[in-house]
Amino acid sequence: MEPYAEIPPSELKRRIDAGNVPAILDVREPWEHELGAIPGARLIPMDQLQWRTDELDPEGEVVVYCHHGQRSAAVVQWLRRQGIPALNLRGGIDAWAAEVDLALRRY
């Protein structure tokens, strides 16, 4: 498995609309998640993930996001080394809010 892969917001939206919804993992802090999140996303802050990977399906694809995509990129690399098929949401929740959900608060 390659160490890094990403998905643009428009592709994730297309998959969701088609009913092919991957697990969506928000690795931001709780206060950030409260500002706005992708519907159905599971919040596991980055600093808790190593103790909570059992909450993820090791066989199922996971789309990971943070604010702009830097934290989630590091998480994706780590998850893929653990054998979990993870993709980084390119541009994070900020790109999602700008391209897909224009009503979502940007910060």
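Read along the sequence, the protein chain alternates strand and helix in the pattern β-α-β-α-β-α-β-α-β-α. That gives five helices and five strands. Please keep in mind that this is a predicted model.

**The sheet**

The five strands come together in an open sheet, ordered β1-β5-β4-β2-β3, and their pairing is parallel. Which strands stand at the edges? They are β1 (6-7) and β3 (42-43); each has a single partner strand, so one side of each is left without a neighbour in the sheet. Further in, strand β2 (residues 23-26) runs parallel to β4 and is joined to it by four bridges. If you would like to find this pairing on screen, look for A23, which stands opposite V62 in β4.

**Overall dimensions**

For a chain of 107 residues, a compact globule would have a radius of gyration near 13 Å, and the protein chain agrees with this at 13 Å. Its C-alpha trace spans about 35 × 30 × 20 Å along the principal axes. Buried residues account for 42% of the 107 residues. The accessible surface comes to about 5700 Å², and carbon and sulfur atoms hold 49% of that surface. Contacts also reach across the sequence: among those between residues at least 6 apart, 64% join residues at least 24 apart.

**The cores and helix α5**

The largest nonpolar core has 14 residues, and those with the most contacts inside it are L12, I38, Y65, L89 and W96. Three elements give two or more residues to this core: β4 (62-65), β5 (86-89) and α5 (92-99). Of these, α5 supplies the largest share, three residues. Apart from this core lies another, of 13 residues, with I44, V64, V76 and A86 among them.

Helix α5 deserves a closer look. It is mostly covered, with six of its eight residues buried. Those buried residues are G92, I93, D94, A95, W96 and A97, and they pack against α1, β4 and β5. Within α5, W96 is a handy residue to select: leaving out residues up to four places away in sequence, W96 touches P9, L12, K13, I16, I38, L89, D101 and L104.

**An arginine in helix α1**

Now to R15, which lies in helix α1 (residues 9-17). Is R15 buried or exposed? Its relative accessibility is 17%, and because the cut-off for buried is under 20%, R15 counts as buried. Beyond its neighbours within four places in sequence, R15 is in contact with I7, N20, V21, E61 and L87.

**The aromatic pair**

How many aromatic pairs does a search of the whole structure find? The search finds one. W31 and Y107 form this pair, with an edge-to-face arrangement, 6.1 Å centre to centre and 65 degrees between the planes. W31 lies in helix α2 (residues 30-35) while Y107 lies in the segment after α5, so the pair ties together parts that are 76 residues apart in sequence.

The table sets out the accessibility of R15 and of the two aromatic partners.

| Residue | Relative accessibility | Class |
|---|---|---|
| R15 | 17% | buried |
| W31 | 52% | exposed |
| Y107 | 29% | partly exposed |

As the table shows, W31 counts as exposed, whereas its ring partner Y107 counts as partly exposed.

Conventions
Residues numbered from 1 in each chain as written. Predicted model: local features only at pLDDT ≥ 70, side-chain atom pairs only at ≥ 80, totals over all residues. Heavy atoms only, no water. Buried < 20%, exposed > 50% of the residue type's maximum accessible area, 1.4 Å probe, protein only. Contact = heavy atoms within 4.5 Å. Core = buried A, V, L, I, M, F, W, Y, C linked by side-chain atoms within 4.5 Å. Phe/Tyr/Trp six-rings, centres within 6.5 Å; stacked < 30°, edge-to-face > 60°. Rg over C-alpha atoms; globule rule 2.2 N^0.38 Å. Areas by Shrake-Rupley, 256 points an atom, 1.4 Å probe, with all protein chains shown as cover. Pairing = 2+ DSSP bridges.
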